[in-house]
Amino acid sequence: MIGCHGQAKKQKPWEESVCIPFLVRVPGGQGGSKIEPVLDSIDIMPTLLGMCGVPVPDTVQGTDASPLLRGQDVPELDGALLACHFPFHQWHASKGGREYRGVRTTRYTYCRDLNGPWLLYDNETDPYQLTNLADKPETAVIQSELDALLNRKLARIGDEFRPGLEYVLERGVKLDENNNVPTYADHGPTE
(Lines give C-alpha, C1' and ligand atoms only; values in the text may rest on other atoms or scores of the structure.)
Protein backbone atom coordinates (compact mmCIF):
# COMPACT_ATOMS: atom_id res chain seq x y z
CA MET A 1 0.00 0.00 0.00
CA ILE A 2 3.01 2.29 0.54
CA GLY A 3 0.91 4.82 2.47
CA CYS A 4 -2.01 4.98 0.03
CA HIS A 5 -5.32 5.32 1.85
CA GLY A 6 -3.23 5.69 5.01
CA GLN A 7 -2.36 1.98 4.82
CA ALA A 8 0.79 -0.10 4.69
CA LYS A 9 1.60 -3.56 3.32
CA LYS A 10 -0.99 -6.07 1.96
CA GLN A 11 -4.33 -7.75 2.82
CA LYS A 12 -6.31 -4.69 1.74
CA PRO A 13 -8.84 -4.44 -1.10
CA TRP A 14 -7.48 -1.25 -2.67
CA GLU A 15 -5.81 -1.21 -6.07
CA GLU A 16 -2.28 -0.85 -4.71
CA SER A 17 -2.66 -4.19 -2.93
CA VAL A 18 -4.79 -6.23 -5.36
CA CYS A 19 -3.65 -5.14 -8.82
CA ILE A 20 -0.83 -7.48 -9.77
CA PRO A 21 0.35 -7.45 -13.39
CA PHE A 22 0.35 -10.81 -15.14
CA LEU A 23 3.06 -10.66 -17.79
CA VAL A 24 3.27 -13.37 -20.42
CA ARG A 25 5.78 -13.76 -23.23
CA VAL A 26 4.61 -16.08 -25.95
CA PRO A 27 7.42 -17.47 -28.12
CA GLY A 28 6.82 -16.38 -31.69
CA GLY A 29 4.03 -14.09 -30.52
CA GLN A 30 3.23 -10.57 -31.64
CA GLY A 31 4.61 -7.47 -29.95
CA GLY A 32 3.37 -6.40 -26.54
CA SER A 33 -0.30 -5.79 -25.88
CA LYS A 34 -2.55 -5.15 -22.92
CA ILE A 35 -5.54 -7.35 -22.22
CA GLU A 36 -8.51 -5.69 -20.54
CA PRO A 37 -10.31 -8.55 -18.73
CA VAL A 38 -9.23 -9.06 -15.14
CA LEU A 39 -7.83 -12.47 -14.32
CA ASP A 40 -8.18 -14.15 -10.97
CA SER A 41 -5.19 -15.89 -9.38
CA ILE A 42 -6.91 -19.25 -9.90
CA ASP A 43 -6.94 -18.53 -13.65
CA ILE A 44 -3.15 -18.56 -13.93
CA MET A 45 -2.60 -22.32 -13.93
CA PRO A 46 -5.34 -23.19 -16.45
CA THR A 47 -4.17 -20.30 -18.65
CA LEU A 48 -0.61 -21.59 -18.66
CA LEU A 49 -1.86 -25.11 -19.44
CA GLY A 50 -3.98 -23.72 -22.26
CA MET A 51 -0.99 -21.85 -23.68
CA CYS A 52 0.94 -25.13 -23.71
CA GLY A 53 -1.91 -27.05 -25.34
CA VAL A 54 -2.37 -29.21 -22.25
CA PRO A 55 -5.97 -30.10 -21.30
CA VAL A 56 -7.16 -28.41 -18.12
CA PRO A 57 -8.34 -31.02 -15.57
CA ASP A 58 -12.03 -30.89 -14.66
CA THR A 59 -11.07 -30.41 -11.00
CA VAL A 60 -9.49 -27.01 -11.71
CA GLN A 61 -11.61 -24.07 -10.55
CA GLY A 62 -10.00 -21.36 -12.70
CA THR A 63 -10.64 -20.32 -16.29
CA ASP A 64 -8.28 -20.82 -19.22
CA ALA A 65 -7.68 -17.26 -20.44
CA SER A 66 -5.23 -18.30 -23.17
CA PRO A 67 -7.77 -17.51 -25.94
CA LEU A 68 -7.35 -13.84 -24.97
CA LEU A 69 -3.76 -14.05 -26.16
CA ARG A 70 -5.12 -15.13 -29.56
CA GLY A 71 -7.56 -12.21 -29.67
CA GLN A 72 -10.63 -14.21 -28.66
CA ASP A 73 -13.17 -13.36 -25.98
CA VAL A 74 -13.48 -15.36 -22.74
CA PRO A 75 -16.91 -14.49 -21.24
CA GLU A 76 -16.19 -16.35 -17.98
CA LEU A 77 -13.58 -13.71 -17.07
CA ASP A 78 -16.03 -11.43 -15.31
CA GLY A 79 -13.70 -10.22 -12.56
CA ALA A 80 -11.31 -11.30 -9.85
CA LEU A 81 -12.44 -12.44 -6.43
CA LEU A 82 -10.93 -10.44 -3.56
CA ALA A 83 -10.83 -11.91 -0.07
CA CYS A 84 -9.38 -11.48 3.36
CA HIS A 85 -10.46 -14.49 5.41
CA PHE A 86 -8.77 -13.50 8.65
CA PRO A 87 -7.07 -10.11 9.11
CA PHE A 88 -3.85 -10.63 11.07
CA HIS A 89 -0.58 -9.02 12.16
CA GLN A 90 -0.08 -5.93 10.04
CA TRP A 91 -3.84 -5.47 9.56
CA HIS A 92 -5.23 -7.06 12.72
CA ALA A 93 -8.75 -6.08 13.81
CA SER A 94 -7.22 -3.80 16.45
CA LYS A 95 -5.67 -1.86 13.52
CA GLY A 96 -8.90 -1.63 11.52
CA GLY A 97 -8.51 -4.96 9.72
CA ARG A 98 -11.61 -6.85 8.76
CA GLU A 99 -12.78 -9.87 6.87
CA TYR A 100 -14.05 -8.98 3.44
CA ARG A 101 -14.98 -10.45 0.10
CA GLY A 102 -15.13 -8.47 -3.11
CA VAL A 103 -14.74 -8.37 -6.85
CA ARG A 104 -12.46 -6.36 -9.11
CA THR A 105 -13.89 -6.07 -12.63
CA THR A 106 -12.37 -4.18 -15.53
CA ARG A 107 -14.14 -1.04 -14.27
CA TYR A 108 -15.20 -1.47 -10.64
CA THR A 109 -13.91 -2.59 -7.27
CA TYR A 110 -16.64 -3.70 -4.86
CA CYS A 111 -16.20 -5.16 -1.38
CA ARG A 112 -18.40 -6.03 1.52
CA ASP A 113 -17.40 -6.91 5.04
CA LEU A 114 -19.40 -8.91 7.57
CA ASN A 115 -21.71 -5.91 8.07
CA GLY A 116 -22.55 -5.44 4.38
CA PRO A 117 -21.35 -3.22 1.53
CA TRP A 118 -18.10 -1.49 2.41
CA LEU A 119 -16.32 -0.17 -0.70
CA LEU A 120 -17.34 0.62 -4.26
CA TYR A 121 -15.03 2.43 -6.65
CA ASP A 122 -15.38 3.30 -10.30
CA ASN A 123 -11.77 2.72 -11.33
CA GLU A 124 -12.36 4.35 -14.70
CA THR A 125 -13.46 7.75 -13.36
CA ASP A 126 -11.64 7.45 -10.01
CA PRO A 127 -8.39 5.51 -10.64
CA TYR A 128 -6.95 6.48 -7.24
CA GLN A 129 -10.08 5.20 -5.46
CA LEU A 130 -10.69 8.41 -3.55
CA THR A 131 -14.51 8.43 -3.66
CA ASN A 132 -16.29 5.51 -2.02
CA LEU A 133 -19.61 4.99 -3.82
CA ALA A 134 -20.93 2.19 -1.59
CA ASP A 135 -24.57 2.62 -0.60
CA LYS A 136 -25.02 5.79 -2.68
CA PRO A 137 -28.42 6.07 -4.42
CA GLU A 138 -26.79 6.88 -7.76
CA THR A 139 -24.79 3.63 -7.75
CA ALA A 140 -27.46 1.32 -6.30
CA VAL A 141 -27.96 -0.59 -9.57
CA ILE A 142 -24.26 -1.25 -10.21
CA GLN A 143 -23.74 -2.14 -6.54
CA SER A 144 -26.56 -4.67 -6.77
CA GLU A 145 -25.06 -6.17 -9.96
CA LEU A 146 -21.60 -6.40 -8.38
CA ASP A 147 -23.05 -7.94 -5.22
CA ALA A 148 -24.80 -10.57 -7.34
CA LEU A 149 -21.53 -11.27 -9.18
CA LEU A 150 -19.76 -11.63 -5.84
CA ASN A 151 -22.44 -14.02 -4.60
CA ARG A 152 -22.03 -16.17 -7.73
CA LYS A 153 -18.26 -16.29 -7.29
CA LEU A 154 -18.56 -17.22 -3.60
CA ALA A 155 -21.13 -19.93 -4.37
CA ARG A 156 -18.90 -21.34 -7.13
CA ILE A 157 -16.10 -22.01 -4.62
CA GLY A 158 -18.32 -22.79 -1.61
CA ASP A 159 -17.26 -19.75 0.44
CA GLU A 160 -19.89 -19.04 3.09
CA PHE A 161 -18.14 -15.79 4.16
CA ARG A 162 -18.16 -16.43 7.89
CA PRO A 163 -16.20 -14.55 10.57
CA GLY A 164 -12.50 -15.22 10.12
CA LEU A 165 -12.01 -16.57 13.61
CA GLU A 166 -14.39 -19.43 12.77
CA TYR A 167 -12.08 -20.57 9.93
CA VAL A 168 -9.01 -20.32 12.15
CA LEU A 169 -10.53 -22.26 15.04
CA GLU A 170 -12.09 -24.81 12.67
CA ARG A 171 -8.62 -25.60 11.35
CA GLY A 172 -7.07 -25.79 14.82
CA VAL A 173 -4.66 -22.90 14.30
CA LYS A 174 -3.14 -21.74 17.58
CA LEU A 175 -3.38 -17.99 18.13
CA ASP A 176 -1.12 -15.79 20.20
CA GLU A 177 -2.29 -13.62 23.11
CA ASN A 178 -3.52 -10.94 20.65
CA ASN A 179 -5.57 -13.41 18.55
CA ASN A 180 -2.94 -13.26 15.80
CA VAL A 181 -1.68 -16.21 13.84
CA PRO A 182 1.92 -16.62 15.08
CA THR A 183 4.57 -16.39 12.40
CA TYR A 184 8.14 -17.53 12.26
CA ALA A 185 9.31 -13.91 12.45
CA ASP A 186 7.39 -13.44 15.72
CA HIS A 187 7.96 -16.70 17.54
CA GLY A 188 10.17 -19.02 15.54
CA PRO A 189 8.68 -22.00 13.70
CA THR A 190 4.99 -22.62 14.44
CA GLU A 191 3.77 -26.04 15.47
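A residue is called buried here when its relative accessible area is under 20%, exposed when that area is over 50%, and partly exposed in between. In this predicted model, buried residues make up 39% of the 191 residues of the protein chain.

## Overall architecture

The protein chain contains six helices and four strands. Read along the sequence, these elements follow the pattern α-α-α-β-β-β-β-α-α-α. Along its principal axes, the C-alpha trace spans about 55 × 45 × 30 Å. Among the contacts of the protein chain with a separation of 6 or more, 46% join residues 24 or more positions apart.

The accessible surface of the protein chain comes to about 11800 Å², and carbon and sulfur atoms account for 54% of that area. The protein chain carries 19 positive and 27 negative charges, and the mean positions of the two sets are 3 Å apart.

## Aromatic pairs

A pair of aromatic rings is described by the distance of the centres and the angle of the planes. A search of the whole structure finds two aromatic pairs, and their geometry is set out below.

| Pair | Centre to centre | Angle between planes | Class |
|---|---|---|---|
| W14 and W118 | 5.9 Å | 70 degrees | edge-to-face |
| Y100 and W118 | 5.7 Å | 55 degrees | tilted |

The classes follow from the angles, because planes over 60 degrees apart count as edge-to-face, those under 30 degrees as stacked and the rest as tilted. The angle of 70 degrees for W14 and W118 goes with the edge-to-face class. For Y100 and W118, the planes stand at 55 degrees, so the pair is tilted.

Each pair can also be placed in the sequence. W14 lies in the segment before α1 (15-18), whereas W118 belongs to strand β4 (residues 116-122), so their pair ties together parts that are 104 residues apart in sequence. The pair of Y100 and W118 likewise links distant parts of the chain, with Y100 in strand β2 (residues 100-104) and W118 in strand β4, 18 residues apart. Through these ring pairs, W14, Y100 and W118 are linked into a cluster.

The burial of these rings can be stated residue by residue. W14 has a relative accessibility of 8% and therefore counts as buried. W118 is buried as well, with a relative accessible area of 13%. Y100 is also buried, as is its partner W118.

A further arrangement involves a charge and a ring: R162 lies over the face of Y167, at 4.4 Å from the ring centre.

## Strand β4 and the loop that follows

P117 lies in strand β4. At 34% relative accessibility, P117 counts as partly exposed. Leaving aside neighbours within four places in sequence, P117 is in contact with Y110, C111, R112, D135 and Q143. P117 and C4 are 113 residues apart in sequence, and their C-alpha atoms are 21 Å apart in space.

D135, one of the contacts of P117, is found in the loop between β4 and α4 (140-157). D135 is not a glycine, yet it has a positive phi of about 60 degrees. With a relative accessible area of 53%, D135 is exposed.

Where does F161, another residue with a positive phi, lie? F161 lies in the loop between α4 and α5 (164-170). The phi of F161 is near 50 degrees, a positive value in a residue other than glycine. F161 is buried, with a relative accessible area of 11%, whereas D135 is exposed.

## Exposed residues towards the N terminus

K9 lies in the segment before α1, as does W14. K9 is exposed, with a relative accessible area of 54%, while W14 is buried at 8%. The C-alpha atoms of K9 and Y121 are separated by 20 Å, and the two residues are 112 residues apart along the chain.

L23 is found in the loop between α1 and α2 (44-51). The relative accessible area of L23 is 76%, and L23 is therefore exposed. L23 and K34 are 11 residues apart along the chain, with 9.4 Å between their C-alpha atoms.

Key. Residues numbered from 1 in each chain as written. Predicted model: local features only at pLDDT ≥ 70, side-chain atom pairs only at ≥ 80, totals over all residues. Heavy atoms only, no water. Helix = DSSP H or I, 4+ residues; strand = E, 2+ residues; numbered from the N terminus. Buried < 20%, exposed > 50% of the residue type's maximum accessible area, 1.4 Å probe, protein only. Contact = heavy atoms within 4.5 Å. Areas by Shrake-Rupley, 256 points an atom, 1.4 Å probe, with all protein chains shown as cover. Lys, Arg positive; Asp, Glu negative; His and termini not counted. Charge placed at Lys NZ, Arg CZ, Asp CG, Glu CD. Phe/Tyr/Trp six-rings, centres within 6.5 Å; stacked < 30°, edge-to-face > 60°. Lys NZ or Arg CZ within 6 Å of the ring centre and 35° of its normal.
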